[in-house]
Amino acid sequence: MSAIQLPSIFRAVQEIFPDTVLRMGFSTRVQSSFVVSVDLQQGVDSKSNTARFLQGVEALQKGVQNLNPPYLGEEVVQTAGGPQTVKVLYKRGVFHLLMLSRLPKAAEFRDRVFDLLEQIEREGFVVNANATVEQFQTMKPRIERTIDELLEARLQEKKDYRAIVRAVREAGGYDRDFADVQNIVYLGLFGMTAQTVRDRQPQVSGERYKRDYRGKKAGELRPSRSAKDYLTKEQLRTLDNGVLFITSKLALRHPDGVMTLDDIKGAAMEVGAEMLLSRARQAEPAEVVPLDLRTRIETIRTKLQRSA
């Protein structure tokens with residue numbers, strides 16, 4: 001037999017269909033839990049025949065090659081008359097069918113799913129109250145380790161472009177807007193746009209070829225379109241600090257996280273202008289006259305227009 005019986009892993013499904021016995025199990029052959037399709041059909045009170053009930057799932061499975069685990073299949077299930085091979089829906093097939101069905105019981109299942117998603121969004125996690133003591137004991141250190149890793153990732157985000165990319169996207173910006181912000185920062189920090197960095201400096205990091213390919217040897221760098229892959233370690237540290245400077249300004253000015261594209265570009269211009277002035281002072285300390293903020297911003301804008 002390819003199936004062994006387990007406790008109800010379709011708990012939400014069974015709770016919605018309290019008057020229907022759902023025969024369930026776990027297929028060791030495809031490594032997925034399943035429910036007997038005719039039982040699910042009765043549970044959702046579908047009046048169509050079994051073939052029509054499964055039509056959508058079958059069409060999807062035929063349209064996708066090597067679907068793993070499958071949505072639909074056959075398993076040996078213990079019945080009153082002994083072991084029988086019956087048509088079953090595997091877990092993803094059940095979810096797919098119930099998410100698309102217009103039947104009231106399917107809508108109730110969707111509400112359960114949406115409630116769960118909202119709880120995850122609101123609280124950041126969901127704990128299965130029916131878990132065993134052993135599961136809870138294993139879960140606690142894993143949760144603590146995961147939270148520590150996420151905290152570290154959030155702190156790192158303050159020092160790389162993910163924070164700025166997300167801010168630009170949330171403010172309604174597109175690739176062109178991010179490119180503008182990137183060029184403002186690069187001009188201030190390095191005196192070059194991102195494109196100029198790629199043109200003038202050798203690539204030092206990025207993805208590498210896993211095997212020999214069209215004259216390229218395994219281990220060689222794949223050509224990258226990301227300017228960060230052309231920065232030296234020292235330049236990357238400078239970039240991290242510059243981005244941290246920008247995100248800190250934005251966090252202080254907009255503690256609620258709501259900001260416009262002009263807010264983001266303005267903060268980038270201020271930081272870029274300050275860095276341009278700082279670099280100029282280091283180059284010619286005796287001749288540099290402090291400029292007001294508007295003049296510094298216009299200096300960066302002029303450089304951007306020339307490089308466009």
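**Salt bridges in close-up**

**View 1. Asp45 and its partner Lys47.** Asp45 is partly exposed, at 46% relative accessible area. This is a predicted model. Asp45 pairs with Lys47 in a salt bridge. Their closest N and O atoms lie 3.0 Å apart. Lys47 is exposed, with a relative accessible area of 73%. Side chains of opposite charge can pair when their charged atoms come close.

**View 2. Asp180 and Lys265, a salt bridge between helices 9 and 12.** The N to O distance between the two side chains is 3.4 Å. The pair connects distant parts of the chain, 85 residues apart. Asp180 sits in helix 9, residues 175-190. Lys265 sits in helix 12, residues 261-283. Asp180 is partly exposed, with 24% relative accessible area. Lys265 counts as buried because its relative accessibility is 18%, and the cut-off for buried is under 20%.

**View 3. The network around Lys265 and Asp180.** Asp177 joins these two residues in a network of salt bridges. Keep the helix 9 to helix 12 link of Asp180 and Lys265 from the previous view in mind here.

**View 4. Glu270 and Lys249, a buried pair.** The side chains of Glu270 and Lys249 form a salt bridge, 3.5 Å from N to O. Glu270 belongs to helix 12, while Lys249 belongs to helix 11, residues 233-253. The two residues are 21 apart along the chain, and they link distant parts of it. Both are buried.

**View 5. The whole structure.** How many salt bridges does a search of the whole structure find? The count is eight. Among them are Lys47 with Asp45, Asp180 with Lys265, and Glu270 with Lys249.

Terms used. Residues are numbered from 1 along each chain as its sequence is written. This is a predicted model: local features need pLDDT of at least 70, side-chain atom pairs count only at pLDDT 80 or more; totals for chains, interfaces and linings use all residues. Side-chain values use heavy atoms; hydrogens and water are left out. A salt bridge is a side-chain nitrogen of Lys or Arg within 4 Å of a carboxyl oxygen of Asp or Glu. Buried means under 20% relative accessible area, exposed over 50%, partly exposed in between (1.4 Å probe, protein chains only). Helices (H or I, at least four residues) and strands (E, at least two) are DSSP runs, numbered from the N terminus.
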